[in-house]
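Let's take a walk through a protein model together. Keep the picture open while you read.

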Amino acid sequence: MLQDVGSNIATPLSSAREAHLKRTSFSEEPVLELEKWIDRYSEQLPPLRAFILPSGGKSSAALHFSRAVCRRAERCVVPLVQAGEADPNVAKYLNRLSDYLFVLARYAAMKEGKEEKIYTKPEP
């Protein structure tokens, strides 16, 4: 799916040939699929009542890191979407993917019996 995201981004909507636009279009289906996956794993987790820090063991930390990279990619894509050069579903997909990675990080921590660290604001 990330290859499809990259293809869409690499094919500017304003200047690409119709045949290329057709091959690199990005539908809403992958976004909806991610939302189902998010719901499936979220149902198995305790409700989140506070901000958590990236924590929870190696698997969870790797997923939190992946989420940060995904958020960075999303921030780079949003201007392209706003300029009309990339499909809005690409930005939506990256947004939902980062949410999915967050849920998976929490799920991995729970499955491995690792504690998530709650953020507490330091006293001045």
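Start with what the record says: UniProt, in an unreviewed entry, lists residues 2-108 as "domain: Cobalamin adenosyltransferase-like". Keep in mind that you're looking at a predicted model. Over residues 2-108, the chain is 70% helix and 2% strand. The C-alpha atoms at the two ends of that stretch sit 22 Å apart.

Now find helix H4, which covers residues 58-82. How far should its 25 residues span at 1.5 Å a residue? The expected span is 36 Å, because the rule is 1.5 Å times one less than the number of residues. In the model, the end C-alpha atoms of H4 are 36 Å apart, so the two values agree.

Next, look at which parts of H4 are tucked away. Ser60, Leu63, His64, Cys70, Glu74, Val77 and Val81 are buried. An α-helix has 3.6 residues a turn, so residues three or four places apart point the same way. And what covers those buried residues of H4? The cover includes helix H1 (2-9), strand E1 (52-53) and helix H5 (88-111). Just after H4, Gly84 takes a positive phi of about 80°.

Finally, let's check the cysteines. A disulfide is a covalent bond between the sulfur atoms of two cysteines. This structure holds zero of them. For Cys70, the nearest cysteine sulfur is that of Cys76, 11 Å away. A disulfide needs the two sulfurs within 2.5 Å, so Cys70 is in no disulfide. Cys76 is in no disulfide either. Their surroundings are worth a look too: Cys70 is buried, with a relative accessible area of 8%, whereas Cys76 is exposed, at 52%.

Methods:
Residues numbered from 1 in each chain as written. Predicted model: local features only at pLDDT ≥ 70, side-chain atom pairs only at ≥ 80, totals over all residues. Heavy atoms only, no water. Buried < 20%, exposed > 50% of the residue type's maximum accessible area, 1.4 Å probe, protein only. UniProt positions renumbered as here; feature names shortened; annotations may be inferred. Helix = DSSP H or I, 4+ residues; strand = E, 2+ residues; numbered from the N terminus. Contact = heavy atoms within 4.5 Å.
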